[in-house]
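This report describes the cysteines, the metal site and the nonpolar core of one protein model. The sequence and structure are shown first.

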Amino acid sequence: MLLIRPVPFSDESLESYIMRLAESNGYIKASGFWSAIRQTFDKSGIEHFNIPEKLASVNPYLAKRSSSLRIKALHHLSTLSNLEPLPLLELAIFRSANPYCTNAQAVIHNGKTLPRQFIVSSPAICPDCLQESNYIRQIWSFWPYNRCHIHAKPLINVCSCGEKISVYKDQAIGICQYCNVAYEKLKSTVSNEVDLIISTWLVGIENHELPNVSQSHKFGLVLWWLKLRTLDLSEFNSNEFVAFFSDWPNGFYAFLEQKRDRFLEYGSKPMHQARFKDVYDDLLLISAKLPSPRFNENIVLTAIFCFFNDSIISKNNEFLSLRINSIEAAILLNTSTEQVAALVDLGELKSHIRIKSGEFMNLHQYAFELGDLFFLWQAGFQTEYSNLSVLTSRW
Ligand SMILES: [Zn+2]
Ligand SMILES: [Zn+2]
């Protein structure tokens, strides 16, 4: 079985490749092929639940019980012929052990990290791409990519028959299961310029509007921006996103200043009694991992540091006394909360809460002052991954 093996495209999705495998090996229906595959698993002794009923759920990140058993099953599938193993694992999307900020789950595909909530289970398609080569591009599943960066047209998610397109439920690749039309015949409209800028940027092509950072960080920035504005995915506004990041970091600094002014005007307590959180909400928590916590891979944390350093700390004003807790201190120092506790023990960092000997500090207690953190930083607090090393040229 599986004697004919098409070569996968580097940007192809795993489901698409399996559908093409079915076609090349004489199966008219992808679902028939998938049932046959499942039967071979019954005989192989590997537990059946590793292979899902539906091809659309084949990726390891979707495994309900154990993604490592799913990976084992994919490995088995890739060796079903006596030829070289099939390149299935290279195309797969895996769970990542490292969540984003505030516990947003992450997945890994081909060395890229992105938020799990950004994966679209039933991607829209570009008819022109399908006409050039009939396979499903993985990037079509990565929200907010919604414009083909090659043909500059919107992806289409509804067939001309009016049904929603479900590419992995179709019996043959690129053919509507309801009306049998080939998707390559569908017509798309002219694209919105701003959406195209975002899609082109996400795919890894440099542009002048948006920050030139790694692809993983780009998806991290989209997630961060949504959290900063407390928006759902459905509320994402591409015009506002591009306007915000095209003036980076000035737009962000203006946002931080606005927050400060609002607190000074409407805050319920004087600044010297306030917590960092009172003024800036969860800013540090949402910015901590995008997906990296390191300054040179996280433009948001770098901007936060520069903002406080330049416009607040250097003027020696009352923001120095903003209270932060151990979790926020660990984010700023890019270290662990245990290390923060050790710095207190060593007398390097002053705790404003008295801890009896033998007791531990509660991580959520607002024991530190922002100013102390900055002075400690500047005094040369270093760990192997210290953020300071990226900014030492400033001092
Ligand atoms: Zn296209
Ligand atoms: Zn149709």
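## Cysteines, zinc site and core

The structure holds zero disulfides. The model is predicted, and a disulfide would require a pair of cysteine sulfur atoms within 2.5 Å.

Cysteine sulfur atoms do, however, serve as donors to the zinc ion (ligand 2): the SG atoms of Cys 159, Cys 161, Cys 176 and Cys 179 lie 2.2 to 2.3 Å from the ion. The arrangement is tetrahedral because the four donor atoms subtend angles of 105 to 115 degrees around the zinc ion. Along the sequence, the donor residues follow the spacing C-x1-C-x14-C-x2-C. Cys 161 and Cys 176, 15 residues apart, link distant parts of the chain, and each is placed in the loop between α5 (127-132) and α6 (193-202).

The accessibility of several cysteines, two zinc donors among them, is as follows.

| Residue | Relative accessible area | Class |
|---|---|---|
| Cys 161 | 35% | partly exposed |
| Cys 176 | 2% | buried |
| Cys 129 | 2% | buried |
| Cys 306 | 10% | buried |

Cys 176 and Cys 306 are classed as buried because their values of 2% and 10% fall under 20%. Cys 161, at 35%, is partly exposed because this value lies between the 20% and 50% limits.

Turning to the core, the largest nonpolar core comprises 117 residues. Ile 125, Trp 140, Trp 224, Phe 241, Phe 252 and Tyr 280 have the most contacts inside this core. Leaving aside residues up to four places away in sequence, Trp 224 touches Phe 244, Phe 245, Trp 248, Phe 252, Ile 286, Ser 287, Leu 290 and Val 300.

Methods. Residues numbered from 1 in each chain as written. Chains lettered and ligands numbered in written order. Predicted model: local features only at pLDDT ≥ 70, side-chain atom pairs only at ≥ 80, totals over all residues. Heavy atoms only, no water. Donors = N, O, S within 2.8 Å, 3.2 Å for Na, K, Ca; no water. Tetrahedral: all angles 85-135°; square planar, octahedral: opposite > 155°, others 65-115°. Helix = DSSP H or I, 4+ residues; strand = E, 2+ residues; numbered from the N terminus. Buried < 20%, exposed > 50% of the residue type's maximum accessible area, 1.4 Å probe, protein only. Core = buried A, V, L, I, M, F, W, Y, C linked by side-chain atoms within 4.5 Å. Contact = heavy atoms within 4.5 Å.
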